[in-house]
Amino acid sequence: MFFSQVVRLFKKGNVCVTGLRGTGKDVLFGNVIARRKAPYISNLNYGGKFILADFNRLNCGGNLYKNFLNGDILEYDYPYPIGADVYVSDSGIYFPSQYQAELVKKYGSMATHQALTRQVSENNFHINTQNLSRCWDKIREQSDTYIRCRWCKVIFGIVFQGITIYDKAESCQKRVRPCRVRAPLFNKEAQINALIYRDNFFNTHGEVKDRLLVYRNKSNHDTLYFGRLLGVKK
């Protein structure tokens, strides 16, 4: 798969990237950003036209459902460049699902903003997390595409990375593997049965695609950022 196809997924809609430690989630983010060559908003500097995210300002002016129901709209002065996408590294740290009730109470308008990005800020909201369920559901459920990073190797500046692409969050969470049913070319009954199986698989799990990426590493992020943020001395 050409890396440009991955970049198009980020241009098209919200992308959630998952994967265990060392599988290249931030490498993928950084290389998408490097190839888009556009301003971006993030909690992690990947190089390029970086704008530090202030999540308290990505809140649609504090408007919640009741503001829309009652017509009591709070004016919102969007503080960032229109069209600049948001990339949140380690979203499970910033929006931990175990604090769902507190997040809804204090930061519910962030979910409002994410739902209205197309109309308010003309951008997409991308996240990465080690496990999909660790991120607040009000954020992760608004993703259009889910990418699970399975493994990643960087050799002499060339990235070799195995990923699986999903269009259903449940399939990504369960780490469903692609449908691999094949049938003999000239066996009509086997062909029909294979087609039925593939249709049932799609109806249950959606699109599931394994892809191998090979690309030059252009990311420029600090792999020890959170350690430095916490003042850890090594």
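The lining of the largest pocket draws at least two residues from each of two helices, α2 and α10 (225-229). Helix α10 gives the most, with four residues. The model is predicted, and the pocket described here is computed from it. In total, 22 residues line the largest pocket. Nearest its centre lie D26, D90, T223, L224 and F226. The space in this pocket comes to about 540 Å³.

Helix α2 spans residues 25-36. This helix also takes part in aromatic pairing, through F29. A search of the whole structure finds 14 aromatic pairs. A pair of aromatic rings is described by the distance of the centres and the angle of the planes. For F29 and Y46, the centres are 6.2 Å apart and the planes stand at 65°, an edge-to-face arrangement. Y46 sits in the loop between β2 (40-42) and β3 (50-52), whereas F29 belongs to helix α2, so the pair ties together parts that are 17 residues apart in sequence. Both residues, F29 and Y46, are buried.

A second pair joins Y40 and Y87. Their ring centres lie 6.0 Å apart with the planes at 90°; the pair is therefore edge-to-face, since angles over 60 degrees count as such. Y40 is in strand β2 and Y87 in strand β4 (residues 85-88). The two are 47 residues apart, and their pairing links distant parts of the chain. Y40 and Y87 are both buried. These two pairs belong to one aromatic cluster, formed by F10, F29, Y40, Y46, F50 and Y87.

Charged contacts were examined next. Side chains of opposite charge can pair when their charged atoms come close. The structure holds seven salt bridges. One of them joins R177 and D210, with the closest N and O atoms 2.5 Å apart. R177 lies in the loop between α8 (169-173) and α9 (188-205), and D210 lies in strand β8. The bridge thus spans 33 residues and links distant parts of the chain. R177 has a relative accessibility of 42%, so this residue counts as partly exposed.

Another salt bridge pairs K209 with E207, where the closest N and O atoms are 3.6 Å apart. K209 is partly exposed, at a relative accessible area of 34%. E207 is also partly exposed, at 38%. Salt bridges that share partners form one network of R150, R177, R180 and D210.

D137 and K138 form a further salt bridge. Here the closest N and O atoms are 3.2 Å apart. D137 has a relative accessible area of 23% and is partly exposed, because the buried class ends at 20%. K138, at 25% relative accessibility, likewise counts as partly exposed.

Strand β8 also contributes to a nonpolar surface feature. This strand covers residues 208-216 and includes V214. On the surface, V214 forms a nonpolar patch with W151 and L212. Together the three residues W151, L212 and V214 have about 270 Å² of accessible area. V214 has a relative accessible area of 46%, so this residue falls in the partly exposed class, with exposed reserved for values over 50%.

Definitions and conventions
Residues are numbered from 1 along each chain as its sequence is written. This is a predicted model: local features need pLDDT of at least 70, side-chain atom pairs count only at pLDDT 80 or more; totals for chains, interfaces and linings use all residues. Side-chain values use heavy atoms; hydrogens and water are left out. Rings of Phe, Tyr and Trp (its six-membered ring) pair if their centres lie within 6.5 Å; planes under 30 degrees apart count as stacked, over 60 as edge-to-face and the rest as tilted. Buried means under 20% relative accessible area, exposed over 50%, partly exposed in between (1.4 Å probe, protein chains only). Patches are made of residues with over 30% relative accessible area and no salt bridge: like charges are joined within 9 Å, nonpolar side chains (Val, Leu, Ile, Met, Phe, Trp, Tyr) within 5 Å. Accessible areas come from the Shrake-Rupley method with a 1.4 Å probe; for residues, only the protein chains shown count as cover. A salt bridge is a side-chain nitrogen of Lys or Arg within 4 Å of a carboxyl oxygen of Asp or Glu. On a 1 Å grid over the protein atoms alone, a cavity is a set of points where a 1.4 Å probe fits but cannot get out, and a pocket is an open set with protein on both sides within 12 Å along at least five of seven lines; lining residues have an atom within 4 Å of a point. Grid points are joined across faces, edges and corners, and a volume is the space filled by probe spheres set on the points.
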